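Visitor: I should like to learn how the parts of a protein chain pack against one another. May we look at an example together?

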Amino acid sequence: MEPAGGHYEVVNPADESVVGLAPEASPAQVLAAAEAAAEAFEGWSRTRPEQRAAILDRAADIVQREFEPWAELARAETGAPTGIARGMQVGVGVARFRRYAKGALEPVERGLPPQVTEAGPMGRAAVLGALEVRQPVGVVTCITSYNNPWANPAGKVAPALAMGNTVVVKPAPQDPLSVFRMAEALAEAGVPPGVVNVVGGQAVEVGEAAVASPHVDMVSFTGSTAVGQRIAEVCGRSMKRQLMELGGKGAAVVFDDADLDAAVSGIGTTFSFYSGQICTAPTRVIVHRAVYAQLVEKLTAYLGHMKVGDPAAPGTVVGPVISAAHRDRVEAYVELGRKEGARLAYGGARPAVEGAAGRGRGFYVAPTLLVDCTSDMRVVREEIFGPVVVVVPFEGGEDEAVALANDSDYGLLSYVWSGDAARAFRVARRLRAGGVGVNTIGRNMEAPFGGFKRSGVGRDVGSYALHAYSEVQSIVWAG
């Protein structure tokens, strides 16, 4: 089907060159895609789990076959350094297809303990058996984020398909080309027509139609809290299921007995990862006054060794942010922080990077460290989504540290560094966050992922994703 709105240019954030053309669908075409998914649902939901597993495995094989050109495309679309495009984008996409090929074979039925009922005026005594069954939800709209055009959509589409759902995928307008490649791999692998539908476009109306369609039963969204709130309002009108991974302002609590080198390495690596465009980054460092100066000194030195530059160049750690508008937004926050009273310890100036299109091209922001911050500053309270970290000191003990960490509208991932394991786990349990890293920035990819407060609704990853894309049905009988 030809896109009703023609095509628009996808721009490489590293050098502002044109990567390719993406289709601009109309709202009517989005509604037609949702209708196609609804028509395909009955047949797909009744396929054997082994068939769905085989298709997902074949899709992983196809992506692996096309790994190099598709990793190059991901790098060009997103501006992510080559290692991230290969490992954390396309590589994780392959891994998620493999994981949910196995997930399609996980049991969906569970017998429950029988219940004996007493005789009453409406009937005689009986033994009631019960069965818990996980059923597919139906048609799922998957709206994906620009910061990972492989791992994020694969993490939605693969478990949805494994459970027997059909999908309408609305990729981020900044980097949709990788998502179309993913759909091509699924089609080649044997996914029937109508089961996977991708609708691209920059217009807000495209996303609105993908959410509001009467054929859609569930919306899975990754993105900003503001957009998530709007989606929730639309879903509420027809009681659609929702899975929301929204913004984050992760707290990193560093106690005076922490291994500072490990803490600095974890904080520095994560908040600069993909130029800070990840919601799980520990962008609020809450550090005990006794080691405050040391941590700031070490973190400043760490940032000084990060290579900012062309993501295709060897050794680049920090590439560009996704667009000129986003670069300007991040820079405005840095200036706001200075006006609020924060001290600029590192960064703040726009780096001039040598790229394929010449010096000064591309949307680069230097890793930036704002210190001597207080919890009432906007740079401490609001998600910046760039390579900017703020440092807040605390004087007292656990209660003060926990209060500062929890003084946020967000609660996705937080972190604790302490040499006292008992204290670290005690504090972790008190943090209002969907996940907590104790002396680590690592994530277990079978652990549930999702947020508290304005950071989201629901949980996915591992078997939790299979639960997220299913409804629980109970069947009761008299035995």
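Guide: The questions that follow concern helix packing, nonpolar cores and buried residues in this model, which is predicted.

Visitor: How is helix 1 oriented relative to helix 7?

Guide: Helix 1 covers residues 27–45 and helix 7 covers residues 204–212; their axes lie 8 Å apart, at an angle of about 25°. Angles under 35 degrees count as roughly parallel. Helix 1 is therefore, relative to helix 7, roughly parallel.

Visitor: How many nonpolar residues does the contact of helix 1 with helix 7 have?

Guide: From helix 1 come Pro27, Val30 and Leu31, which meet Glu205, Val206, Ala209 and Ala210 of helix 7. Sorted by class, the residues of this contact include 1 charged and no polar, and the number of nonpolar ones is 6.

Visitor: Which helix and strand elements do the buried residues of helix 7 pack against?

Guide: The buried residues in helix 7 are Val206, Gly207, Ala209, Ala210 and Val211. Their packing partners are helix 1, strand 5 (139–143), strand 6 (166–170), strand 8 (218–222) and helix 8 (225–238).

Visitor: Are helix 2 and helix 6 roughly parallel or oblique to each other?

Guide: Helix 2 packs against helix 6 (residues 177–189) at an angle of about 125°, and the axes are 8 Å apart. Angles over 145 degrees count as roughly antiparallel, and those from 65 to 115 as roughly perpendicular. The angle of about 125° falls in neither range, so the two helices are oblique.

Visitor: What is the handedness of the crossing where helix 2 passes helix 6?

Guide: In helix 2, the residues that meet helix 6 are Ile55, Leu56, Arg58, Ala59, Ile62, Val63 and Arg65, and their partners are Ala185, Leu186, Glu188 and Ala189. This contact has 8 nonpolar, 3 charged and no polar residues. The crossing of helix 2 past helix 6 is right-handed.

Visitor: Which helix gives the largest share of the largest nonpolar core?

Guide: The largest nonpolar core has 48 residues, and those that touch the most other members are Leu56, Val63, Phe97, Leu161, Val167, Leu186 and Val196. The largest share of this core is 7 residues, and the element that supplies them is helix 2 (residues 49–65).

Visitor: Which residues does Phe97 touch, beyond those up to four places away in sequence?

Guide: Phe97 is one of the residues that touch the most other members of the largest nonpolar core. With residues up to four places away in sequence left out, Phe97 touches Leu56, Ala59, Ala60, Val63, Ala158, Met182 and Leu186.

Visitor: Is Glu77 buried or exposed?

Guide: Glu77 belongs to helix 3 (residues 67–78). Beyond residues up to four places away in sequence, Glu77 touches Val10, Val11, Pro13, Val19, Gln174, Asp175, Pro176, Leu177, Ser178 and Ile322. A residue under 20% relative accessible area counts as buried. Because its relative accessibility is 0%, Glu77 is buried.

Visitor: What is the relative accessible area of Trp44, and is this residue buried or exposed?

Guide: Trp44 lies in helix 1. Apart from neighbours within four places in sequence, Trp44 is in contact with Arg52, Ile55, Leu161, Gly164, Asn165, Thr166, Pro192 and Val195. Trp44 is buried, and its relative accessible area is 2%.

Visitor: How far apart in space are Trp44 and Ile441?

Guide: Along the sequence, Trp44 and Ile441 are 397 residues apart. From C-alpha to C-alpha, their separation in space is 39 Å.

Key. Residues numbered from 1 in each chain as written. Predicted model: local features only at pLDDT ≥ 70, side-chain atom pairs only at ≥ 80, totals over all residues. Heavy atoms only, no water. Axes fitted to C-alpha atoms, helices over the stretch in contact; angles between N-to-C directions. Helix = DSSP H or I, 4+ residues; strand = E, 2+ residues; numbered from the N terminus. Contact = heavy atoms within 4.5 Å. Nonpolar A, V, L, I, M, F, W, Y, C, P; charged D, E, K, R; others polar. Core = buried A, V, L, I, M, F, W, Y, C linked by side-chain atoms within 4.5 Å. Buried < 20%, exposed > 50% of the residue type's maximum accessible area, 1.4 Å probe, protein only. Left-handed = near helix turned anticlockwise from the far one by under 90°.
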